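I opened this notebook page to record what I looked up in the structure. The entries follow in the order of my reading.

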Amino acid sequence: MNTLSSNRQVITYDDHHVRLFMLASIFWGMIGMIVGALIALQMNFPALNFETSWLTFGRLRPLHTNAVIFALVGNMMFAGIYHSTQRLCKTRMANDWLTRIHFWGWQSVIVLAAVTLPLGLTKSKEYAELIWPIDILVVVVWVIFAINFFWTLAKRNEPTLYVAIWFYIATIVTVAMLYVVNNLAIPTSLTHSYPIFSGVQDALIQWWYGHNAVAFFLTTPILGLMYYYVPKAANRPVYSYRLSIVHFWSLVFIYIWAGPHHLLNTSLPSWLQTLGMIFSLMLWAPSWGGMLNGLLTLRGAWHKLRTDPVLKFFVAGITFYGMATFEGPLLSIRTVNALAHYTDWIIAHVHLGAMGWNGMMAAGLFYFLAPRIWKTKLYSVQLANMHFWIGLFGILLYVSSMWASGITQGLMLNATEEGGTSLVYANFVETLDTIRPLMLTRAFGGILFLTGWLLMIYNLWKTIRGAEPVDGTVEVSVDDRRETVEIEGTISPAGTLFNWPMFYSFWVMLGLSLWFFGGGLIMLSGVMLTAFFSLLSIVHFQASRATWAEWYERLIGNWAPFTVLVFIAVAIGGVIQIIPTLVVQKAKNLEGRVQVPYTPLELAGRDIYIAEGCYTCHSQQIRTLRSDVLRYGDYSRIGESIYDFPFQWGSKRTGPDLSREGGKRPNSWHFDHMEDPLSTSPGSNMPPYPWLLEQDLDFEKMHRRIRVQRMLGVPYPDWSKEEVVALMEEQADEIVADLRSQFRSTEPRRQIVALIAYLQKLGTYETPEEARERIESSGVFDR
């Protein structure tokens, strides 16, 4: 900081770490896309798994998703937040050491993920696969980021918080809440743990996290960047400040409720499915409001698209955001979801957001930042334009092929003969044979997008090579700080919660809750309450608009009360959804079926199944659809996964559902299937797993895992280590003997034996009465 006079100062921004985050995002993005291209090709050419455990699709797919989400988008987000926040607050980031720790801590997380995931060290929860020590590191780094960010807001020289800052606050608060709750677990070793939730609880909390990780890690921070950088690039003000207010608050409140739409037609309670669908449909309004606000910011500047590659990328990214947020609610409709879920349509939807929205916005941001933070000109506008068109064509090719593939696969898998008593395509592999050309087209589209990214790397390397890094500066006065201090503290804690906007919000929320959850007179009173207070709030707002506007201006000048309101807005939905499921999933409350706990060997086999990433291609949830029941057996019940820590319902079927696999085929079939899938399933694209026939399982470690499962409520007796090992050896010997009778040779401690034990257990259940009798006779408490 340089002092010009007693009244004025020049503040130098910390753009050094902006450059580091930007370069990290570009590098890790390239790695994530290379891995993505490889696993896309593996779908057509299983030989590209190289019969090597750490190069299989099941292990690399989580690496790809984590690299794109946390490495590419995460680093890009931090670069944009650090760059824009300093300028919006007219101050340097609060502490350089915190920024430095944040950068290197985040890169450490990425490196650890890149090492552990290919080694099969995973929790199997989508977008949350990292093992518990890395989870702790993520939380620590995120807290450091939050402290630095909010400390910067506290020392800012700008009276009010601009729109972009609102979205950054929502990101920091909500991601922290989601990540901590979803990753609560009890360790069994340094590299393994079991989550504290199971079955339907785990499924709901995972997709509460999974859906909102997309919302608050891949969407809200990028919207914040949109609100800052699009006006800067276009040299135009944001189209509508009022629309940005409506966009922000409606988005952060509604988004958090939509997670259950990932679990439609499953054993999730129907009221939660309906809740998720309704709120997902409501998302159309705020999402498209934000998209239009971004695009209409270019009013009067559309001609710049012809010559400015930055605006090209931004406009394309915002357009893809609109497409993705139209498609998301569409996929939440039950009938559409019945066709699309578990198919490549979902892959198209995800990449429409990741490649189209995040990828295009990232490229636009990098082309915008590089000349400014290196004090130079972009090396080649023509190369940037070439990157744009190659990348755009790659996205469209990728997404359109996956749309066609998903719809084709969904129609084939759901097709029944006239009368609905039998399937038209009984063999799952028939669908794979049909969509193979489309899967190959997808790979080509991804490679094109990667090619565009490589062009950007070359262009930016030539741009910054030999250039002088430069940190931005701003001149501030004592009056700037005084004005900020004067507005800070003008809203008390009571004033934050007890005001007219909050008053009406409370009564409308209460009315909606009574309307949705009640029946008869309670539902009618909810409708009347909602209608009355909604109309009253509109009338009151029209009559007291200046007063309400003055309150909001004071609110956005006070970061702490603003943050509290954001937390309340996002926490309400989670509480209402999650708490009831904690009561529902108890053996004594279930009707119909209760899962039989795994034996120690079966539990070990389940851990192998998870480590190999089998969940990336196989589901364990038969939906309440005729085609699912005809193909796989009776639909899944809530009690059939009560002891599954973690749940394995899956999100994509590249292979058939395994919920009722147990007992369908002999042990020898499973042995052959893992050794050479084509020998049992001609046409399959599953790779062989020869190492399972060669590597031994550590029986002794299972005692600790059984103890943790017992802590979590699985009704195991208090076995000693010797008893656990003896039980495993006894069951393993039986399986080996059966295999030898079928002319297959292996040893009892081979991993394949435990995996076979697990697969043969799938679908085993008992009545609640039988479960209760067994639990009581064993003297183990009921969960």
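Entry 1, surface patches. I note at the outset that the model is predicted. I first looked up a negative surface patch and found that E769, E770, E773 and E776 form it. I placed E773 in helix 29, which covers residues 768–778. I record E773 as exposed because its relative accessibility is 58%, and the cut-off for that class is over 50%.

I then turned to a nonpolar surface patch. V111, V115 and L119 make it, and its area is about 250 Å². Of its members I checked V111, which lies in helix 3 (residues 96–116). V111 has a relative accessible area of 40%, so I entered it as partly exposed.

Entry 2, a strand pair. I looked up strand 3 (residues 185–189) and strand 4 (residues 192–195), and I found them paired in the antiparallel sense over four bridges. The connection from strand 3 to strand 4 is a hairpin through two residues. For the register I noted that A185 stands opposite P195 in strand 4.

Entry 3, a tryptophan. I located W151 in helix 4, residues 132–154. Its relative accessibility is 41%, so I listed W151 as partly exposed. I also looked up its distance to A94: the two C-alpha atoms are separated by 5.8 Å, while the residues are 57 apart along the chain.

Entry 4, salt bridges. Side chains of opposite charge can pair when their charged atoms come close. I looked up the count for this model, and it comes to 28 salt bridges.

Which residues are linked in a network of salt bridges? I found R593, D634, R637, E640 and R660 linked in this way. Within the list, I read 3.0 Å, N to O, for the salt bridge between D634 and R637. D634 is partly exposed at 28% relative accessibility, and R637 is also partly exposed, at 24%.

I next examined the salt bridge of R660 with E640, where the closest N and O atoms are 2.7 Å apart. This pair links distant parts of the chain, 20 residues apart, with both R660 and E640 in the loop between helix 23 (626–632) and helix 24 (667–675). I entered R660 as buried because its relative accessibility is 14%; E640 is likewise buried at 14%.

Lastly, I looked up R665 and E661, whose side chains meet in a salt bridge at 2.5 Å, N to O. Are these partners buried or exposed? R665 is partly exposed, with a relative accessible area of 31%, whereas E661 is buried at 6%.

Methods. Residues are numbered from 1 along each chain as its sequence is written. This is a predicted model: local features need pLDDT of at least 70, side-chain atom pairs count only at pLDDT 80 or more; totals for chains, interfaces and linings use all residues. Side-chain values use heavy atoms; hydrogens and water are left out. Patches are made of residues with over 30% relative accessible area and no salt bridge: like charges are joined within 9 Å, nonpolar side chains (Val, Leu, Ile, Met, Phe, Trp, Tyr) within 5 Å. Accessible areas come from the Shrake-Rupley method with a 1.4 Å probe; for residues, only the protein chains shown count as cover. Lys and Arg count as positive and Asp and Glu as negative; His and the chain ends are not counted. The place of a charge is taken as NZ of Lys, CZ of Arg, CG of Asp or CD of Glu. Buried means under 20% relative accessible area, exposed over 50%, partly exposed in between (1.4 Å probe, protein chains only). Two strands pair if DSSP finds at least two bridges between them.
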